[in-house]
Amino acid sequence: MKRKMLKSVAVLGTVGLASLLLVACGSKNNKSASSGDGKNLTVYVEKQYEGYMKKAAAAFEKESGTKVTIKTGDQLKGLENLSLDNQSGKAPDVMMSPYDRVGSLGSDGQLSEMKLDKGSMTDDTTKALVTTKGKTYGAPAVIETLVMYYNKDLVSKAPTTFAELEELAKDSKYAFANENGKTTAFLADWTNFYYAYGLLAGNGGYVFGKNGTDPKDIGLANDGSIKGVEYAKNWYAKWPKGMQDTKGAANSIPIR
């Protein structure tokens, strides 16, 4: 099926991918050291991070004299295979992982405990993301955020408020040709909770209370969250039906 490109002023998207952490791997039989022999290290990352890791590896090789071999592959699959790879001795020495996987892998003995250098660019908040039961299992490496990008050929200045986006949506030049009354002036994949959470949190919603530490206090049905969802519904009433598809909505958003 030929993909239809939509004429849009603004699109909500991301810079970077999932929040990732550099993690040192070990085995259950040796929790204090990685599987490297001191002269050679193997690093496993997704293909998109290969360039970044090559630069880091070159600097590390120059400083330590250790040869670094970089392997690429699917990040989550590599983490899923970590237990078996540790037992067989095939696990890499260093991996990249979403921070929310570090605690369970560390507690299960799949990662080596490590100490962050005093000169590392971390604070107590970021360190807490890779620390469990007083033990640190990773070094924060990548941070991402949501951004809105816009088409300078259509507007000279980026919209700064939802009110401005709502005004743009009234302009007929952004009408979706295949569905009457629908606009593509502004698009966001709010079927994905990762993107939609800011809309809820900005109105007072939250997942867990006490800064995310109280699972008994769930704030996804409070007044703020409801207000955020109601606002999203207003946009979905304006958008093409394809934007409601939880699997295909992202493909309906132009990336150029």
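Aromatic pairs number 11 in this predicted model, counting rings of Phe, Tyr and Trp whose centres lie within 6.5 Å. One of them joins phenylalanine 162 and tyrosine 231 in an edge-to-face arrangement, with 5.1 Å from centre to centre and 65 degrees between the planes. Because phenylalanine 162 belongs to helix H6 and tyrosine 231 to helix H9, this pair ties together parts that are 69 residues apart in sequence. The two partners are covered to unlike extents, since phenylalanine 162, at 35% relative accessibility, counts as partly exposed, whereas tyrosine 231, at 18%, counts as buried. Ring pairs further link Phe162, Tyr231, Phe186, Trp190, Trp235, Tyr236 and Trp239 into a cluster.

Several of these aromatic residues recur in the largest nonpolar core, which has 21 residues and in which Phe186, Trp190, Trp235 and Trp239 have the most contacts. The elements that contribute two or more residues to this core are helix H6 (162–168), strand E10 (186–187), helix H7 (193–201) and helix H9 (223–236). Apart from this core lies another, of 10 residues, among them Leu79, Ala91, Val102 and Tyr137. In soluble globular proteins, nonpolar side chains tend to be buried together. When its neighbours within four places in sequence are left aside, tryptophan 235 is in contact with Phe162, Leu165, Glu166 and Ala169, as well as with Phe186 and Trp190.

Helix H1, which covers residues 50–64, was examined for its length and for the way its residues are distributed between buried and exposed positions. At 1.5 Å a residue, the 15 residues of H1 should span 21 Å, and the end C-alpha atoms are 20 Å apart, which agrees with that expectation. Within H1, Glu50, Met53 and Ala57 are buried, and, seen down the helix axis, the buried residues fall within an arc of 55 degrees, so they line one face of the helix. The face turned away from this buried side carries Lys55, Lys62 and Glu63, which are exposed. H1 is followed by glycine 65, whose phi is positive, near 80 degrees.

Taken as a whole, the protein contains 9 helices and 11 strands, and buried residues make up 35% of its 256 residues. Of the contacts in the protein with a separation of 6 or more, 70% are accounted for by residues 24 or more positions apart. The protein exposes about 15900 Å², of which carbon and sulfur atoms supply 52%.

Definitions and conventions: Residues numbered from 1 in each chain as written. Heavy atoms only, no water. Helix = DSSP H or I, 4+ residues; strand = E, 2+ residues; numbered from the N terminus. Expected span 1.5 Å × (residues − 1). Buried < 20%, exposed > 50% of the residue type's maximum accessible area, 1.4 Å probe, protein only. Arc of directions from axis to C-beta. Core = buried A, V, L, I, M, F, W, Y, C linked by side-chain atoms within 4.5 Å. Contact = heavy atoms within 4.5 Å. Areas by Shrake-Rupley, 256 points an atom, 1.4 Å probe, with all protein chains shown as cover. Phe/Tyr/Trp six-rings, centres within 6.5 Å; stacked < 30°, edge-to-face > 60°.
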